[in-house]
Amino acid sequence: MSRLTNKRIVLGVSGSIAAYKAPDIVRRLQDLGAEVRVILTQGGAQFITELSLQVTSKNKVYHNLWDKEAELSMGHIELAKWADVILIAPASANTLANLTAGKANDLLGSVVLASDAPILIAPAMNQQMYNATSVKDNLTTLKQRGVQIINPEHGVQACGDIGEGRLAESDEIAKQVGLMFQSNKLNGKKVLITLGATIEAIDPVRYLSNHSSGKMGMALADACIESGAQVTLIIGNISTPISEPSKQISAISAEQMYQAVMENIDDQDIFIACAAVSDYSIKNPKNHKIKKSDQTLTITLTPSKDVLKAVCNLPQKPLCIGFAAETQNLLKNARNKLKNKGCDAIILNDVSKDDFGFKSDENEVIFIDQKGSLKLAKNSKQKLGRKIIEIIVDKFYK
Ligand code: CTP
């Protein structure tokens, strides 16, 4: 089954007897690695308690559009932006009608309207209701708008009727959510990605490094894996869980990263240099801890190899995508890097901001190539990772 590592799922639980299965759906999604936040509609709350969903999702349950406190912590717009996917399971006939009409009179309706995330709906209701023309029409309209429907099952219903309308099994729902992220856009392609910060030892205790968390690189790795690529990760110092690449190699220093890349670059189709590689290494790192004294301490730094530039200069170079971490003259510096390193595209990252970039789960970037630039507005690194891979496919493989 497809993994949902690092995926953020908003689960809407609406008024159907099948709402009692919602905690099980939450667990199945979590088993695949997802983080789940639940919106419980008024109808849903008649069938399942907020507490059960809070305990299973390990998050506050959202239910009130007008809750001042909730709006202060994570308001409906933020929740809408947070979601990689919105799953509504079970979706009652009333919820289907509200969604079709575009109503924003409750939290779920508002979040759906305010989000650009894909939407999956698992209807569950009495078989007679499910076959009603208005319900069928609503489902058709929603499908035409790109909403994906997880068909209900046929069988004995809570009311004793036999027919179509039983909520799909939790495993099936989780599987369908996983499939939302799958594509074959990079099928057969090999992608090598460097990520995280390098560490240059000063002595066995101290080191020179930077704030890179590896989150952007891991999001790109996730997007490549989901697109069918074989991914090799060269991993520096990171503070994010590692996805399941085809191959992973740890590289602590700039020199180790250079060696690891050069040993693995031969048959790669794409190289993404996302690591924040130290430009300098420590000349003569000490074998023992440097002892404190009253004297000024001088540490000599020597330039390290530029991994990206070296790959761009290979006679059989892969498609090379670099990053530009900048704090001033952003576009000018990034364009210079594109030219000087000889890469096919560069992703400009403003690392001077506190609310995105280094360490953060969010980022805002500009994709720059020979033809121009494209701004990708502030978003989760996971979403940006998928957008960047889509752009690479559009620009270089179509
Ligand atoms: N890079 C690299 N090897 C290095 C330094 C940088 O492969 N020794 C790569 C980074 O992974 C990134 C790109 O080069 O894709 C730009 O890195 P950045 O730190 O923004 O710029 P530098 O080339 O280091 O230049 P400066 O520090 O002067 O901005």
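Guide: A residue is near a molecule if one of its heavy atoms lies within 4 Å of it. This is a predicted model, where local features need pLDDT of at least 70 and side-chain atom pairs count only at pLDDT 80 or more, while totals for chains, interfaces and linings use all residues. Residues are numbered from 1 along each chain, and side-chain values use heavy atoms, with hydrogens and water left out.

Visitor: How many residues surround the ligand, and which are the closest?

Guide: There are 15 around the ligand. Ala273, Ala275, Asp279, Lys337 and Lys341 are the closest.

Visitor: Which polar backbone atoms does the ligand meet?

Guide: A polar contact is a pair of N or O atoms within 3.5 Å. Ala273 has a polar backbone atom 2.6 Å from a ligand oxygen. For Lys305, a polar backbone atom is 2.9 Å from a ligand nitrogen. Leu308 places a backbone N or O atom 2.8 Å from a ligand oxygen. The ligand alone exposes 570 Å² (Shrake-Rupley method, 1.4 Å probe), and the protein buries 77% of that.

Visitor: Now helix H8. Which residues of H8 are buried?

Guide: Buried means under 20% relative accessible area, and exposed means over 50% (1.4 Å probe, protein chains only). In H8, Val135, Asn138, Leu139 and Leu142 are buried. Seen down the axis, these buried residues fall within an arc of 100° (taken from the directions from the helix axis to the C-beta atoms), so they line one face of H8. The face turned away from the buried side carries exposed Thr133 and Gln144.

Visitor: What follows H8?

Guide: Gly146 follows, with a positive phi near 95°.

Methods
Helices (H or I, at least four residues) and strands (E, at least two) are DSSP runs, numbered from the N terminus. A polar contact is a pair of N or O atoms within 3.5 Å; within protein, one must be able to donate a hydrogen and the other to accept it, and residues adjacent in sequence count only if both atoms are side-chain atoms.
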